[in-house]
Amino acid sequence: MTRNTLTLRSLDIPQLHKFGIGFDTMFDELHRMHSQQTNTNYPPYNVVQITDDEYMISMAVAGFGLDNLSVTKDKNFLIIEGKNTIKEEEIDVNYLHKGISARDFRREFKLADFVEIENAHLELGILNVHLKREIPEEQKPKSIAITYTK
């Protein structure tokens, strides 16, 4: 087995379970993400951390308009899809070079708990999706007073 073909299935990691409880789901998620990876990076995107609790995903979506883009939150997944409504065979164009792709795409991003989509904005061929983590007060860490009895 070469280094490039190493998968999570081939790793023997039972020793990690003694360090924490509930990490088995993390390994399942890592395996799912690895199995869904493709060799494409279309469309390209950036993930920017604005503050400790605010993020922005910027995706280059040249050729897509508001009517053929969708941004959806399904449980803890942000799903961005683009559907090209014009088929290449319908357009009679003689390209000398075609470097701008307008193929359909679907990108999924796993969101942490309590992350919500604030808004999505399309400008100059860039789709910006603003995300914000808002942890409820009852979920935030709290200090516990330590008492002393004699």
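Biologist: Which residue in β7 does Asn119 stand opposite?

Modeller: This is a predicted model. In it, β6 pairs with β7, residues 126-133, in the antiparallel sense. Across that pairing, the residue standing opposite Asn119 is His130.

Biologist: Over how many bridges do β6 and β7 pair?

Modeller: The two strands run in the antiparallel sense. Their pairing extends over a number of bridges, namely eight.

Biologist: In what order do the four strands of the open sheet stand?

Modeller: The sheet is open, and its pairing is antiparallel. β1 (45-49) and β6 (115-123) stand at the edges. Each of these two has a single partner strand, so one side of each is left without a neighbour in the sheet. The order is β1-β2-β7-β6.

Biologist: By what angle are neighbouring strands of this sheet turned against each other on average?

Modeller: The strands concerned are those of the open antiparallel sheet. With direction ignored, the average turn between neighbours is 15°.

Biologist: How many salt bridges does a search of the whole structure find?

Modeller: One of them joins Arg133 and Asp53, and another joins Glu116 and Lys73. Glu137 and Lys140 also meet in a salt bridge. The search of the whole structure gives a total of five.

Biologist: How far apart are the closest N and O atoms of Arg133 and Asp53?

Modeller: Arg133 lies in strand β7, and Asp53 in the loop between β1 and β2 (54-60), so the pair links parts of the chain 80 residues apart. Arg133 is partly exposed, with a relative accessible area of 26%. Asp53 is also partly exposed, at 32%. The closest N and O atoms of the salt bridge are apart by 2.9 Å.

Biologist: Which residue meets Glu116 in a salt bridge?

Modeller: Glu116 sits in strand β6, and its partner sits in strand β3 (residues 69-74), 43 residues away. Glu116 is partly exposed, with a relative accessible area of 40%, and the partner is partly exposed at 30%. The N to O distance is 3.0 Å, and the partner is Lys73.

Biologist: Is Glu137 buried or exposed?

Modeller: The side chain of Glu137 meets that of Lys140 in a salt bridge of 3.1 Å, N to O. Lys140 is partly exposed at 36%. The relative accessible area of Glu137 is 60%, and the cut-off for the top class is over 50%. Glu137 is therefore exposed.

Biologist: Which residues make up the uncovered face of β5?

Modeller: In a regular strand the side chains alternate between the two faces of the sheet. In β5 the covered face holds Phe105, Arg107 and Phe109. Glu81, Arg106 and Glu108 are linked in a network of salt bridges. The uncovered face is made of Arg106, Glu108 and Lys110.

Biologist: Which residue in β5 stands opposite Phe77?

Modeller: β4 (77-82) and β5 (105-110) are the strands on either side of the loop that holds Tyr95. They pair in the antiparallel sense over six bridges. Opposite Phe77 in β5 stands Lys110.

Biologist: What area does the nonpolar surface patch of Ile86, Ile91, Val93 and Tyr95 have?

Modeller: Tyr95 is found in the loop between β4 and β5. Its relative accessibility is 44%, so Tyr95 counts as partly exposed. Together with Ile86, Ile91 and Val93, Tyr95 makes a patch of about 360 Å².

Biologist: Why does Asn128 count as buried?

Modeller: Asn128 has its place in strand β7, and a polar contact of 2.5 Å joins its side chain to that of Ser58. Buried means under 20% relative accessible area. Asn128 counts as buried because its relative accessibility is 15%.

Biologist: What is the phi of Leu124?

Modeller: Most residues other than glycine have a negative phi, and most peptide bonds are trans. Leu124 is found in the loop between β6 and β7, and it is exposed, with a relative accessible area of 82%. Its phi is positive, near 55°.

Biologist: Which residue does a cis peptide bond join to Tyr42?

Modeller: The omega of this bond is about -15°. The partner has its place in the loop between α1 (24-36) and β1. The residue joined to Tyr42 is Pro43.

Terms used. Residues numbered from 1 in each chain as written. Predicted model: local features only at pLDDT ≥ 70, side-chain atom pairs only at ≥ 80, totals over all residues. Heavy atoms only, no water. Patch = residues over 30% accessible without salt bridge, like charges linked within 9 Å, V, L, I, M, F, W, Y side chains within 5 Å. Areas by Shrake-Rupley, 256 points an atom, 1.4 Å probe, with all protein chains shown as cover. Salt bridge = Lys/Arg side-chain N within 4 Å of Asp/Glu carboxyl O. Buried < 20%, exposed > 50% of the residue type's maximum accessible area, 1.4 Å probe, protein only. Pairing = 2+ DSSP bridges. Axes fitted to C-alpha atoms, helices over the stretch in contact; angles between N-to-C directions. Polar contact = N/O pair within 3.5 Å; in protein donor to acceptor, adjacent residues only side chain to side chain.
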